[in-house]
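Here are a few short exercises to work through with the model open beside you. Try each task before you read its solution.

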Amino acid sequence: MTTQPILLRSARVVDPSQALDGPGAVVIADGRVLACGLAAGSELGPNVSQALAQLEADGRPARTRDLPPGWVIAPGFLDLHVHLREPGFEAKETIASGTAAAARGGFTTICCMPNTQPVIDSRATLEYVLHAAKGALARVLPIAAISKGENGAELSEMAELAEAGAVAFSDDGRPVSNSRLMRHALDYAAPLGLPIVEHCQDAELVGDGVMHEGAISTLLGLKGWPAAGETAMLARDLELVRSTGARYHAAHLSVAGAIELVRAAKRDGLPVSAEVTPHHLLLTDAWVAGERTGPLADALTELYGEPLPAGPRYDANTKVNPPLRTAADCAALLAGLRDGTIDAIATDHAPHTVVDKEGEYGEAAFGISGFETALAALLALVHTGKLPMATLIAALTVRPAAAWNLNAGTLTPGALADLVIFDPDEEWTVDPAHFASKGQNTPLAGIRLRGRVRQTWLGGQIVYDAANAS
Amino acid sequence: MTETLETLATEKLALFPEESNAHLPHRRHLIDLDDWTPYEVQRLLDRAAYMRDVLADPTRRLETLRGRLAVTLFYENSTRTRISFELAAKKLGADVTNMTAAASSVTKGESLRDTVETLQALGANILIVRSSQSGAPDVITRYFRGAVVNAGDGWRGHPTQALLDALTLQLRFGTLANRHIVIVGDILHSRVARSNIWSLTALGAEVVLCAPPTLTPPNVADAYTSRPVPGTGAQRRVTVEPRIERALEGADVVMALRLQRERQQAGLLPSLREYTMRYGLTMERLQLTKPCALVLHPGPMNEGIEIDPDVAHSAYSLVEEQVTNGVATRMAALEMIGLAMGTVGTAQ
């Protein structure tokens, strides 16, 4: 079925993969980007004009859509780390609800972690996920388990899983504690060309900690999770990468020491990439005590001229693995993002049922439902000059794509027409009851953010339009 | 000593039994003492001191909680605290019933929220909660329309214990300003220590924490000294000194905390023996303090481990007084929240 080609014109097209940032346009035909370029003065750029002329000549003139002033077009976001919960935990999320939530957040390609039930450690389960994701509102790329059942004891059939479509391997949710097994995993995966993704957590050091170990955990009487619980495991892994030369990706880093280790590893030329989540960039452990400090709070205070109201104490929506850290850690993560040490921002979207999050802090599940607040929360840093727009978009598009060698996050001619259109200035209040995700577990409930996804396009089709949504 | 209390400097705050309940803090819940001003603490202690006299007459009963149903909801066993609260509530005229988790639907997996909503539907106005989970009372306030009183939550707080400790000390010292109070033992896991730090520093005392390094909470001195006393803005004085002989120098009061045997199994201590050698409160160590310090213990005591029997039963020990003062303190606390509830029969 052919639909009419479209010309989207905007005051700002940001595509770091082509070093574009300015007024421009995108031409979409047959589900792909036909042309994309910046304006030349008041005229369309040469690539775009040429493409339009060609379409005219072919008898398929493009329909023009001028975006409202201020709206931004960018490649649809690529999220390297999400939990879709299906198969096995459909009460928390399904592939359908998760991809709908992704679309609402501007994410067009998402990589789902294998800690489902059954774990994605066999071709059968992997193919189930791919099948269930057909026709979904975002593209799903499965990550397969490093070990069978994520048991940390035996390697999964990585070669077959790679052939079946896995884009990376991870036992996320837990670390690969056994150093020998991690070494074998790195060795075995190396010729497959896929990265090993590690959730850096020294299980013994962390124990049953529920939040960052520090002054706040002391005051709240909660068991703490020391920073060394992350850095010790990361250091071990980097040594194994050094001796095996396999590709390695550090998931959701949260502490300053970890950023430093990655910086040093990259300096040494190791094949290492790393991601951080929006919540680790923006929030602090004080949020557990209801005290809203850190980069997001500071930015919103600056934007609105008044501090954020205090939140509830012991709100289990702040409970996440790894935990929210200190303002100094947030600053180190931001510096790492700005200097290229961190390759990607990934949400670690982790939906849970209301019941899993409404009880005592120690009992609650770990995780934040992040798709639908990620962009708006991160834009607070852009609005206050702490993070350039292009750097933010790059961390959500071209850089994660490059880290894992994926075809996504670009509006290069020929690419699938996956894009996000957002209004960086529209204000809205986070209301989890209106999320597309089944997971309402966000610490940002009731907070007014500035910046909103207006449309998400997948393969040239609109899969989310804020004008139709509530 | 009524309207002018709040204008007094902390140094001047001392115990005056208060016949009127009109000056109690206005607080709907009693969860912890972190946000209490020194004046609120003193008001409550003054009222608790009066309650001791009420208790001296076994036939006397107050009416503040008449028509109210207080339920003790205990997820952890504690007969003495539960009885103390039950007696206090009854003395104020409340109906009281008890729920222990082990004997309830909690064993069938009933959630905290469902348990609380069920009790609410049964007419409970006041929940007196003890939980092994820090923050449980806070969570309960989100689902329960009535009043919540924390009878101890995990490692976080045990406000009525701290208040009865302060009462016990004020009965001996008058004012606690500039008093040197040493807390010895497993501070890391201690809700008694944490609540006491709030109230003692608010009343102007200096607190010294003495514990093995593995049982000292992370950043503990900083955590408290960086949070000024509400109402006065004074800095709280908390220091850490792991050597007991040093810690006891100049001490007016030593509070010994119970050591759980499980701490050794968890790898935090090499042996109970070494703990006792290094931290046990012996008469010899006690006599390093001049004049001899008074001794508190929240109970129950492991005699021979954190405290020697001869210390526990000496003239310096205030342990029995603590227990007696517990009912009076809880009466004042329950009266406070009872008054904040408004008249019986009105919706909250």
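The exercises below look at an interface, a sheet and some salt bridges.

This is a predicted model, where local features need pLDDT of at least 70, side-chain atom pairs count only at pLDDT 80 or more, and totals for chains, interfaces and linings use all residues. Residues are numbered from 1 along each chain as its sequence is written, chains are lettered from A and ligands numbered from 1 in the order in which they are written, and side-chain values use heavy atoms, with hydrogens and water left out.

**Exercise 1. Describe the interface between chain B and chain A.**

Step 1: Start with contacts, meaning heavy atoms within 4.5 Å. On this basis, 23 residues of chain B touch 21 residues of chain A.

Step 2: Turn to buried area, the accessible area (1.4 Å probe) that two parts lose on being put together, summed over both. The two chains bury about 1900 Å² between them, with 53% of it on carbon and sulfur atoms.

Step 3: Look for salt bridges (a side-chain nitrogen of Lys or Arg within 4 Å of a carboxyl oxygen of Asp or Glu). There are three between chain B and chain A. One of them joins Arg227(B) to Glu291(A), with the closest N and O atoms 2.7 Å apart.

Step 4: Find the elements involved; helices (H or I, at least four residues) and strands (E, at least two) are DSSP runs, numbered from the N terminus. On the side of chain B that touches chain A, two or more residues each come from helices H3 (112-121), H4 (136-143), H6 (191-202) and H7 (220-225) of chain B. H4(B) gives the largest share, five residues.

**Exercise 2. Which strands stand at the edges of the five-stranded sheet in chain B?**

Step 1: Write down the strand order, counting two strands as paired if DSSP finds at least two bridges between them. The open sheet runs S7-S6-S5-S8-S9 (chain B), with parallel pairing.

Step 2: Read off the ends. Strands S7 (237-240) and S9 (294-296) of chain B each have a single partner strand, so one side of each lacks a neighbour in the sheet.

Step 3: Zoom in on one pair. S5 (residues 180-184) and S8 (residues 253-256) of chain B pair in the parallel sense over four bridges. Within S8(B), Met255(B) is the bridge partner of Ile183(B).

**Exercise 3. How many salt bridges are there over all chains?**

Step 1: Search the whole structure, which gives 46.

Step 2: Pick an example: Glu426(A) and Arg454(A) meet at 2.8 Å, N to O.

Step 3: Place the partners. Glu426(A) lies in strand S16 (residues 419-429) of chain A and Arg454(A) in strand S17 (residues 448-458) of chain A, 28 residues apart.
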